[in-house]
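Good morning, everyone. I would like to take you through one model today, beginning with how far it can be trusted and then moving from the chains to a few details.

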Amino acid sequence: MSAVLNPGVRVRQKIHWTDRTGHLVLGLIALALVLFLAGPLAAILAQSVEDARGHFVGLDNFFAYFATPALLDSLWNSIWVALLVTVLVVPAAFTFAYALARSCMPLKGIFRTLALTPLLAPSLLSAISFIYWFGNQGVLKTLMLSLGIESIYGAPGIVLSQLFAVFPHALIILVTALSLADARLYEAADALGTSHARKFFTITLPGAKYGIASAAMVSFTLVITDFGIPKVIGGNFNVLATDVFKLVIGQQDFQKGAVVALMLLAPALLTFIVDRFVQRKQTSMLTARAVPYATKPSRAFDLAMTAYCAIVLLLMGAVFGMALFASFVKFWPYDLSFSLRHYVFGIVDGEVNTAFVNSLKLAFLTSLGGTAIVFVGAYLMEKTRGADWLRPAVQLLALIPMAVPGLVLGLGYIFFFNAPQNPLNFMYHSMAVLVACTIIHFYTTGHLTAMTALKSLDGEFESVSASLKVPFWKTFWRVTLPICTPALIDISRYFFINAMTTISAVVFLYSPDTRLVSITILNLDEAGEIGAAAAMAVLIAATSLAVCILYLGIGWLVERRTQAWRTK
Amino acid sequence: MDQALQRQDGKTLTAGTAPPGASFLRLEGIRKDFGAFTALRDIRLEVPQGEFVCFLGPSGCGKTTLLRIIAGLEAQTAGSIYQRGRDISVLPPAQRDYGIVFQSYALFPNLSVFDNVAYGLVNRRAAGKTIEDRVADLLKLVGLPDSATKYPAQLSGGQQQRIALARALATSPGLLLLDEPLSALDAIVRVHLRQEIRSLQQRLGVTTIMVTHDQEEALSMADRIVVMNQGVIDQVGTPLEIYREPATPFVADFVGKVNMLSATIEGPGRVRVGTRSFSGASANGSAGRSVRAYLRPEDIVARPISEGDSNVVESKIEKIEFLGSYCLVRVTADGLENQPLTVYLSLNFLSEQNLAEGSALRLRILTERMRIFDA
């Protein structure tokens, strides 16, 4: 009765101890995100407004930055290169996606898979390959010279390499956007006798506009924040990403490094915000009543699309095939006979054997730990009740990593974990910090995948369990987890592949004991051992491929065991 | 009227047999705010043991929120809930005693029917054989004895609904909560399951609260109906009371079809509509007061009418809407001044009398059935 007599007092439900346990775990995840994400980012911000001795200097570092012409050149270089790549890659990827989603082209599955294979290798593999094609001893150097390009090192190399590195990322987004079509619109247009071109410009393009915007944003950000490609093929052409590295590792100028890192953060953050906005629009466009679009065969169109996709894949094959080929020749370009020399050199002399084991260890721990944390976190967010003050914070922390370029995150880790007064200082240079950094770096995609999978489950499972007095973790174990295994496998593979191929975040964090194979590529390249660098890049791609096949097998087995209920 | 009838004015109309506090479930002053929006205000209700109660109202009236508050799935902003005299107001769902069936059924898709029904039993560490027997009994009870090894996706919607019911009943809860359990089913299955759930509930004697927006469902299943509108209870009563004696214009309008007429009180029992005066209405109040008179279509009859009957109007048929054995007929009556009436006439009557649109028709108004509300 007291609540009735005291209208000011809100009724508060008692929290069951099982729910308290859930809150505790969610709290721990939040704490981990604060320590390993918010902490390092705050450290960068702090560093950017301090001088070398740690005194607060306001915006002096920023003024100094904008007064340095060389650094401003890099800013301009970064922007125009990223814009150029975006303008080129989005239409190219759109056409490919259009072929996949809207034509009756044969072998679509194979086309799609092949177009996505660049994701298995570090982005700088394409840069290495272009050095073989157009470099000082390149096969097609004379062709390049006749086109008026003096050297592949610099902007031309970066643009070409980025085109190939970014293409699959843009493709994934655009295929999704073009697959979400409502056939009823096209039927209505047909009933009104609309021409193909008009349908394309009035239905297809507007329907995919958010996807196109998203693809453009992602391409721009990927290019501007990528470190490997400009490092390998950039020559004297400076960009923001290489500046950060030079300032921090070369000149030990942490303050200016922090300022440049914040410059990198800006476009990524902007992209992220726009993208979130766009995503919301995109999903609300398709109602439950929409009828999926079915493609109709059309000989000429399908043939043209097949030809286009074949050409794209051929170019891709030329790029990655060259790296593969070069990694196996004895002495480019003089002796093209088969040899494992580069592999032997890389693995033995370059001590890649330990680096390779380290990389596998990192990938394994990241995929295991990352999947567990991401999924448990997403589950507690989506399916449990209470602790309402904690949830928006966790949601924000889970989304931020997508907006943070790897270089920036890695730099933040140096500032944060290398600080002598930080009690976590002991983690610096350890495998643990590499794992933590990599999990955080790729957290958002995993989180969103898990959220999507969880949202597709009936929201009342937990209510039913509570009414049956079954604690939520039993339902998690018996129902949620088995239903979500396909998503779990996806998340785990995503973490594994990215941990294998990532360079940008970990380049600041490795120690002699925790060297990674992706980073040895950079070192080999710097030492002029480009053959060995190519060999190691191929090695990573081959490992990723093997792991993908392994995951396919696991997925198939698990599906048979846990998804039997799906078949009627 | 029922012995424990609550009204929105908060007065408890308690009469006779059941002593206060003997009710199985008691809600006191329940209020729910979502930010600045008040979804429920001052909800008082008592439900006796074994009763089947329907929360009826349009979408957004707060009926599902109220059910979820009883289940503990939402916390009320203020107010208390007592079940069997125990204060459960602040208990989490797991410490309350109820079984629940959702509109979506929420069957675990990756578990067999057996495992679904046994889900709550296994947790209580019952012995394997006991569980098997219990599940078999429950499946027999809901009429699906051979479905234990199937997965939910292999069952029809109606069958899934029964399994959800069996799962909710497995732990023998004191209270069964049904959240629009039939609305996802097609019409024929729905009507069939309606009676099945009702007879199952009567056999088990389990106190049941069902949320529905379907008045037919509520009228045919419930012992008592709680009509809700915009976060308050408008009326609590048996189906017949709700239909015949709606307490508010909203209830009259929401449950069944009704003619709404602007009228004026002329004296005790006398109301004037247009230029016509009618007698025998249960109308009180000062003469000259403007009121609204609510009249069901079936309370305007075409036969029997004898010479000398009062409250008879001459009318002309404007439109006949064919509904099967009955037709919904709209007429304009002399003297009612642009207030058309809707009446039900049987198809047979229409053809016997050779009535069509434009025909003249004499009607008698059962004024004692008229409900008078303030204008």
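Let me start with pLDDT, which is the predictor's confidence in each residue, on a scale from 0 to 100. For chain B the pLDDT averages 89, and 93% of the residues score at least 70. What we have here is a predicted model, in which local features need pLDDT of at least 70 and side-chain atom pairs count only at pLDDT 80 or more, while totals for chains, interfaces and linings use all residues. Residues are numbered from 1 along each chain as its sequence is written, and chains are lettered from A, with ligands numbered from 1, in the order in which they are written.

Staying with chain B, the lowest confidence falls in strand β2 (residues 12-14), with a mean of 38, and the highest in strand β5 (residues 52-56), at 97; helices and strands here are DSSP runs numbered from the N terminus, helices being H or I over at least four residues and strands E over at least two. Over residues 1-21 of chain B the pLDDT is below 50, and this stretch has 34 contacts in the model beyond near neighbours in sequence, a contact being two residues whose C-beta atoms, placed from the backbone, lie within 7 Å. Chain A has a mean pLDDT of 87, with 95% of its residues at 70 or more. Among the elements of chain A, helix α1 (residues 2-5) has the lowest mean pLDDT, 43, and helix α19 (residues 431-441) the highest, 95. For the complex, the predictor gives an ipTM of 0.81 and a pTM of 0.85.

Now to the fold of chain A, whose secondary structure comes to 24 helices and two strands. Its radius of gyration, taken over C-alpha atoms, is 26 Å, which agrees with the value near 24 Å for a compact globule of 568 residues, the rule being 2.2 Å times the number of residues to the power 0.38. Of those 568 residues, 47% are buried, where buried means that 20 or more other C-beta atoms, placed from the backbone, lie within 10 Å of the residue's own, exposed means 12 or fewer, and partly exposed is in between.

Why does L397(A) count as buried? Because L397(A), which sits in helix α17 (residues 391-399) of chain A, has 22 C-beta neighbours inside 10 Å. Leaving out residues up to four places away in sequence, L397(A) touches A30(A), L33(A), V34(A), L37(A) and A38(A).

Turning to the interface, 35 residues of chain B are in contact with 29 residues of chain A. On the chain B side, β6(B) gives the most, with three residues. That side divides into 19 nonpolar residues, 15 polar and one charged, counting Ala, Val, Leu, Ile, Met, Phe, Trp, Tyr, Cys and Pro as nonpolar, Asp, Glu, Lys and Arg as charged, and the others, Gly among them, as polar.

Finally, chain B contains an open sheet of five strands in the order β15-β14-β13-β16-β22, with antiparallel pairing, and two strands are taken to pair if DSSP finds at least two bridges between them. At the edges stand β15 (276-278) and β22 (371-374) of chain B, each with a single partner strand, so one side of each is left without a neighbour in the sheet. Strand β16 (residues 290-295) of chain B is joined to β22(B) by four bridges, and the two run antiparallel; within β22(B), D374(B) is the bridge partner of V291(B).
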